[in-house]
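Q: Could you walk me through this protein in plain words, since I am just starting out with structures?
A: Gladly; have a look at it before we begin.

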Amino acid sequence: MTGVGGVSRGARLLLFLPFLGAALAMLQARDHTCVRLAARGQRNLDRGSEAVADPWLSTQLKRQAREIVIEAVLAAALLTGIVLLFPG
């Protein structure tokens, strides 16, 4: 069964991936936090990647990165859900 523009609902589910990538990029830029670096206990202050020496700061960066990932997944799911609502 085809839907919007002749694309099946199952194929439209694949839009989750680019939505997730876009949401991750926007949220990381908004919060000035790189999820990948935070997970490794590092940060980039325009001098290249460096280890975060302060354990409290490292914990905060990891918490912020986790929140970014959760927000991105929710945003991607919402956008994918909206696309799936279009009649088939």
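**The core and what surrounds it**

A: Let us start inside this predicted model, where the largest nonpolar core is made up of 11 residues, namely L20, A23, L27, V35, A38, V52, L61, A65, I68, A72 and A76.

Q: Okay, and which elements give two or more residues to this core?
A: Those elements are α2, which covers residues 16-31, α3, which covers 35-39, and α4, which covers 55-85.

Q: Which of them gives the most?
A: That is α4, which contributes 5 residues to the core.

Q: Is there some general idea behind a core like that?
A: There is a tendency in soluble globular proteins for nonpolar side chains to be buried together.

Q: Let me pick one core residue, then: what is V52 in contact with, leaving aside its neighbours within four places in sequence?
A: With those neighbours set aside, V52 touches G41, Q42 and R43, and it is also in contact with L57, S58 and L61. Of these partners, L61 is itself listed among the core residues, as is V52.

Q: Stepping back, how many helices and strands are there?
A: The protein has 4 helices and 2 strands, and if you read along the sequence they follow the pattern α-α-α-β-β-α.

Q: And what about the overall shape, what does the radius of gyration come to?
A: The protein has a radius of gyration of 17 Å, whereas a compact globule of 88 residues would have one near 12 Å. The C-alpha trace spans about 55 × 20 × 20 Å along its principal axes.

Q: How much of it is buried?
A: Buried residues account for 23% of the 88 residues. As for the outside, the accessible surface comes to about 6,000 Å², and 67% of that belongs to carbon and sulfur atoms.

Q: Which share of the contacts with a separation of 6 or more comes from residues 24 or more positions apart?
A: Among the contacts with that separation, residues 24 or more positions apart account for 61%.

Q: New topic, charges: how far apart are the mean positions of the positive and negative ones?
A: There are 10 positive and 6 negative charges, and their mean positions lie 9 Å apart.

Q: Now the loops, please. Where is H32, and is it buried or exposed?
A: H32 sits in the loop between α2 and α3, and it counts as exposed because its relative accessibility is 74%, with the cut-off for exposed set at over 50%. The backbone of H32 also has a positive phi of about 55°, although this residue is not a glycine.

Q: What else is in that loop?
A: One residue there is C34, which also lies between α2 and α3. C34 has 29% relative accessibility, so it counts as partly exposed. From C34 to A23 there are 11 residues in sequence, and their C-alpha atoms are 13 Å apart in space.

Q: And the loop between β1 and β2, where is D46 in relation to it, and what is its phi?
A: D46 has its place in that loop between β1 and β2, and its phi is near 70°, a positive value in a residue other than glycine. D46 counts as exposed because its relative accessibility is 79%.

Q: What about R47?
A: R47 is in the loop between β1, residues 42-44, and β2, residues 49-51, and at 65% relative accessibility R47 counts as exposed. Between the C-alpha atoms of R47 and R9, which are 38 residues apart along the chain, the separation is 45 Å.

Key: Residues numbered from 1 in each chain as written. Predicted model: local features only at pLDDT ≥ 70, side-chain atom pairs only at ≥ 80, totals over all residues. Heavy atoms only, no water. Core = buried A, V, L, I, M, F, W, Y, C linked by side-chain atoms within 4.5 Å. Buried < 20%, exposed > 50% of the residue type's maximum accessible area, 1.4 Å probe, protein only. Contact = heavy atoms within 4.5 Å. Rg over C-alpha atoms; globule rule 2.2 N^0.38 Å. Areas by Shrake-Rupley, 256 points an atom, 1.4 Å probe, with all protein chains shown as cover. Lys, Arg positive; Asp, Glu negative; His and termini not counted. Charge placed at Lys NZ, Arg CZ, Asp CG, Glu CD.
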